[in-house]
Amino acid sequence: MTDVPQPRGGQLRKPRIQILAWTAVLIPFFAMAILRWDDGLGIDAGDYAHYLLHARALAEGRSYTDTGYIFLERAWVIGPRAQPPGLPVTLAPFLMLTGENFFVFRLVMLAFATAFVLGAGRYFARREDPILGLGVSLLVGASVPISQVSVQILSDLPFAALVWCLISVYDRDGHWDARRIVAATLLVAAAMSFRTAGIAIIPATLLFTVLQFRQHRWRPAVPILVCAALGAAAAVVGGLFLGVEGRIPSGYFRIGGEFLSRLLFYRFEISEGLLYPFPTEVANDAYHVVALLIVAVGLGAWLKKRWRSYVVTFSVSYGAMLMVVPVKDGRYLWPLFPVLVFGLLNGGRILLERVQRGASGTSQRRGILVAACVIALSSTLFRLNDPPKESLVAWATTQEVFDHLRTAASTDDEMRVAFAKPRVLSWETRIPAMGTFPADPEAILAELRRNRITHVVLGGIGIRGANRAFHAAIRRNPEAFHLQFRNQHFSVYRFAEPQPDSPTGASPINEMPRQD
């Protein structure tokens, strides 16, 4: 037997009651998902377009990396050469059958998000307590980042769903037979194919193997050994698994002074995971301080009993990884939301047991679930009026630029564009595009020449300083940039350096370019 005992109590034994209970806790999650169905991901979003570009390439029988996105080492922060194949491979069949149908894509993403919310809750219901497990699904599903992004084309929630399936397999009671090893291997491969953050599975599994070595020997490590061998083979023949994102830029992993900045950054997403149940910032700040203390109590007591479990080794490994990679985003913390929420609920249960010594454990846990319902419903109600995130493609000015480029591309097969959001442009127009970046004018011109860029689109978005740097290059070399189109947000320039024996004439730029 493992060190994890069976759940307390005999609550929710009847299947019909279980179905009703698990359906009820998903109501806030589905309500917010439907309400935010047509929302965008924000002006800076670009990953969704990259996944779709890969999916379209597969659906049309082209190479996986034949996306039109031109990767630049100096602008690697825009996005990697290629995304992990998990999500594109999943979406490609739907794209083949239904075309570019975003309603279908959103349904697929909602299915993954539901699997994450339910899977995490079911894990704690089986391993800890059925009622607290319901509370985990309720609060995770009601958190704004999860519910509002549940239908967006991102790999984070599918990855989280697969991770919690993997955690359930590793922490299951019983012997590690062949079926369990195969299931774990498939889940490890799937999780790592959706996000390279799945690399945290390797140290998590090795640590789990060491902690459980007396009972399971080396069997828990077999899945990562198999996946490592398959990944090495895939890298040799073309690299669509471990090597899918190309070479990691120098200095990618940084340890030391960055640790504190990342810790401070992710404290905001921790607050999102604990929800915002009050209408004022002061009340929510006070709630978060108290909630974090309760989380500390709940996780501290839990770790004393579960420190050898896979959910703990993964949480530690994944959290440590977030502290050393330079790319920061609140969504990277989403897979750990269930652990955070369980700590809150378990801490509340422990405090109630100490205050109400004469009350039954069942009534105390039901009281915790009622409190979770109040937090979830109030958080949902207070966030209903949050303004939706804008989408770059929803701007009329963006569509004007894309229409202009499509028209120009119809007579120019060699068109290649530099734009702050190259993956979005390539998805919308099928025109190859690279990103803009901050550099001196000579370096910018050299990059434009090297990548055979024919047009440059500038506007006040993208990497900080990139817009200003490109305008400086235009002022320094006005004979090479011909203004073709301008609207409220963007300017489109034709890039064509004059030949040495041709006259330059007057500057083609008829007004000073805007600064970002």
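**Figure 1. Surroundings of Arg331 in the loop between α15 and α16.** Leaving aside neighbours within four places in sequence, Arg331 is in contact (heavy atoms within 4.5 Å) with Asp47, Leu154, Asp156, Arg195 and Glu269. One of these, Asp156, makes a side-chain to side-chain polar contact with Arg331 at 2.5 Å. A polar contact is a pair of N or O atoms within 3.5 Å; within protein, one must be able to donate a hydrogen and the other to accept it, and residues adjacent in sequence count only if both atoms are side-chain atoms. Arg331 has a relative accessible area of 13% and is therefore buried. Buried means under 20% relative accessible area, exposed over 50%, and partly exposed in between (1.4 Å probe, protein chains only). The model is predicted: local features need pLDDT of at least 70, side-chain atom pairs count only at pLDDT 80 or more, and totals for chains, interfaces and linings use all residues. Residues are numbered from 1 along each chain as its sequence is written, and side-chain values use heavy atoms, with hydrogens and water left out.

**Figure 2. The whole protein, for orientation, with 21 helices and six strands.** Helices (H or I, at least four residues) and strands (E, at least two) are DSSP runs, numbered from the N terminus. Of the 516 residues, 54% count as buried. Among contacts with a separation of 6 or more, 76% come from residues 24 or more positions apart. The protein exposes about 23,200 Å², with 62% of it supplied by carbon and sulfur atoms. Accessible areas come from the Shrake-Rupley method with a 1.4 Å probe; for residues, only the protein chains shown count as cover.

**Figure 3. A tilted aromatic pair, Phe124 and Trp164.** Rings of Phe, Tyr and Trp (its six-membered ring) pair if their centres lie within 6.5 Å; planes under 30 degrees apart count as stacked, over 60 as edge-to-face and the rest as tilted. By this rule the protein has 25 aromatic pairs. In one of them, the centres of Phe124 and Trp164 lie 5.7 Å apart, with 50° between the planes. This pair links distant parts of the chain: Phe124 belongs to helix α5 (residues 102-127) and Trp164 to helix α8 (residues 156-170), 40 residues apart. Phe124 is buried at 0% relative accessibility. Trp164 is buried too, at 2%. Ring pairs join Tyr123, Phe124, Trp164, Trp302 and Phe342 into a cluster.

**Figure 4. A stacked pair within helix α15, Phe314 and Tyr318.** The ring centres of Phe314 and Tyr318 are 5.4 Å apart and the planes meet at 20°, so the pair is stacked. The two residues are four apart in helix α15 (residues 310-322), so about one helical turn separates them. Phe314 is buried, at 1% relative accessibility. Tyr318 is buried, with a relative accessible area of 1%.

**Figure 5. Arginines over tyrosine rings.** A charge sits over a ring if NZ of Lys or CZ of Arg is within 6 Å of the ring centre and within 35 degrees of the ring normal. The charged end of Arg383 sits over Tyr276, 5.3 Å from the ring centre. Arg423 lies over the face of Tyr69, at 5.9 Å from the ring centre.

**Figure 6. Helices α6 and α16.** Helix α6 (residues 130-142) has 13 residues and reaches 19 Å from first C-alpha to last, close to the 18 Å expected at 1.5 Å a residue. The expected span is 1.5 Å times one less than the number of residues. In α6, 13 of the 13 residues are buried, so the helix is largely enclosed by the rest of the structure. At its start, a side-chain oxygen of Asp129 comes within 2.9 Å of the backbone nitrogen of Ile131. Helix α16 (residues 337-355) has 19 residues and reaches 27 Å, close to the 27 Å expected. It is mostly covered, with 14 of its 19 residues buried.

**Figure 7. Two loop residues with positive phi, Leu275 and Arg452.** Most residues other than glycine have a negative phi. Leu275 has phi near 75°. It is found in the loop between α13 (258-273) and α14 (281-306) and is buried at 3% relative accessibility. Arg452 has phi near 55°. It lies in the loop between α20 (441-450) and β4 (455-459) and is exposed, with a relative accessible area of 51%.
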